[in-house]
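Here is a quick tour of one protein model, taken a few features at a time. Have the coordinates open and follow along.

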Amino acid sequence: MKKLMEDHRKLFGSFEVIDFVDESEIQALRAQTDVDAPLDVHWTWEYGSEVEELRRLYEKGKVNQWNAELDLDWEMPVSKDEWVLNPQASLMAQGCALMGKDEATQKAAAFDELAYTLSQLLHGEQAALQICGQLTNVCDKMDEKWYASSQVADEARHVEAISKFLARKMGTIYPVGATLKVLLDELLAAETVKKKTLGMQTLFEGTAVGIMELMRGESRNDFFTDMIRRIEQDESRHAAFGVLMMRRVVKEAEPEEKDELEDWAFSIMEALNANQQLDMLRLLGPKYGIDAENVTRMFTSLPNHAELNSLAFMHTVIPNLKRLGLITDRTEQGWRDVGLMVDGRGENAPMEMEFQLS
Ligand SMILES: [Fe+2]
Ligand SMILES: [Fe+2]
């Protein structure tokens, strides 16, 4: 199976990371703002509902709309001097603590890390907005078009909420990380409706739900908790669409096509995970005297690395892929080997659609 970003691979102990160190290459990736995205535009003359479960999801989306400007209380404080998230949730704060830095420095580093993470989510939201716009064209059923268009509005709201949060409350929007940019381009340029749905809706939406759930659980700030809770609720609807669509796709796919989707899903997630947090650590670490490579080497060699590393993935994306039949005996060991999948967590979690549609 071909690995993505082969040229940027290196071994840290037994863990293979993706590491971008050449600043001009990173700048060039960011400067590339045009992507060739193949689009098959489909008319349909069937305006009645053909896929009842999608129509229900669309109805649900309408009822749960919210206004990022009016429904969030922007007067509520968010301060650099307070922990926005619990310190244990911050790699940078932990790194600073290990090096004996004082609490003010730990807080500043954690605040910076949160701004970085939210900035990456923001760029991901923009990709979601654009891919979902593509879906309104490439889907051939009216239920799918209606649902996708409602998600476009959701994604616009997420871009709005997170960009305003970063500008108003944190003061910084960090540029997209190199690894993430390569992967988002890969999703934006996916050739078929199947891959567009699998990539954005199942893989990235599922991962986003897991990350947001972790962040919300660690939040100490009421504004942040409220904003993430609202976004997360939308995202689980989006992940549900991924499952409902892919369930039909997988059922109809020839074995060869199904294998291809399964391999593609792994290559995307493996690459996302292979960066660990190196792009962030390389950018922010020097400011706090943190050595990016040391921190990543230390983290990836922990005996419980897989346990910690898989938290966000075991929440939604892995259980969904497993139930869709896109993680099988053929590939499962690969997911385990890179610390994306562990036993005993997530396997009994409800599929997002059940959670959302019940
Ligand atoms: Fe979103
Ligand atoms: Fe989304």
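Let's begin with charge pairs: there are 36 salt bridges in this structure, and bear in mind that the model is a predicted one. Side chains of opposite charge can pair up when their charged atoms come close. Three of the pairs are worth a look, and the table sets them side by side.

| Salt bridge | N to O distance |
|---|---|
| Lys-10 and Asp-19 | 2.8 Å |
| Arg-168 and Glu-69 | 3.2 Å |
| Glu-191 and Lys-195 | 3.8 Å |

Take Arg-168 and Glu-69. The arginine belongs to helix H5 while Glu-69 sits in the loop between helix H2 (52-63) and H3, so this salt bridge ties together parts that are 99 residues apart in sequence. Are these two residues buried, partly exposed or exposed? Arg-168 is partly exposed, as its relative accessible area is 44%, and Glu-69 counts as partly exposed too, at 31%.

The Lys-10 and Asp-19 pair has a mixed setting. Lys-10 comes out as partly exposed, with 32% relative accessibility, whereas Asp-19 is buried, at 2% relative accessible area. In the Glu-191 pair, Lys-195 is a buried partner, with a relative accessible area of 11%. As for wider connections, Lys-10, Asp-19, Arg-282, Glu-293 and Arg-297 are joined into one network by salt bridges that share partners.

Now for the metal site. Which residues coordinate the iron ion (ligand 2)? Glu-155, Glu-205 and Glu-235 do so through OE atoms, with Glu-205 listed twice, and His-238 does so through ND1; the distances run from 2.0 to 2.3 Å. Along the sequence, these donor residues follow the spacing E-x49-E-x29-E-x2-H. Glu-155 has a further role in the geometry: this residue bridges the iron ion (ligand 2) and the iron ion (ligand 1), and the two ions lie 3.0 Å apart. Glu-155 is in helix H5 (residues 142-170) and His-238 is in helix H8 (residues 222-252), so the pair links distant parts of the chain, 83 residues apart. Both Glu-155 and His-238 are buried.

Helix H3 (residues 91-98) makes a neat little case. Its buried residues are Met-92, Ala-93, Gly-95 and Cys-96. Looking down the axis of H3, you'll find them within an arc of 160°, which means they line one face of the helix. An α-helix has 3.6 residues a turn, so residues three or four places apart point the same way. The cover over the buried residues of H3 includes helix H4 (103-138) and H10.

The ends of H3 deserve a glance as well. At the N-terminal end, Ser-90 acts as a cap, with a side-chain oxygen 3.4 Å from the backbone nitrogen of Met-92. After H3 comes Gly-100, which has a positive phi near 75°.

Positive phi also turns up in residues other than glycine. One is Met-5, where phi is near 55°; Met-5 is found in the segment before strand S1 (9-12). Another is Gln-276, with phi near 50°, placed in the loop between helix H9 (255-274) and helix H10 (278-284). Are they buried or exposed? Met-5 counts as buried because its relative accessibility is 12%, under the 20% cut-off. Gln-276 is likewise buried, at 13%.

Key:
Residues numbered from 1 in each chain as written. Chains lettered and ligands numbered in written order. Predicted model: local features only at pLDDT ≥ 70, side-chain atom pairs only at ≥ 80, totals over all residues. Heavy atoms only, no water. Helix = DSSP H or I, 4+ residues; strand = E, 2+ residues; numbered from the N terminus. Buried < 20%, exposed > 50% of the residue type's maximum accessible area, 1.4 Å probe, protein only. Donors = N, O, S within 2.8 Å, 3.2 Å for Na, K, Ca; no water. Arc of directions from axis to C-beta. Contact = heavy atoms within 4.5 Å. Polar contact = N/O pair within 3.5 Å; in protein donor to acceptor, adjacent residues only side chain to side chain. Salt bridge = Lys/Arg side-chain N within 4 Å of Asp/Glu carboxyl O.
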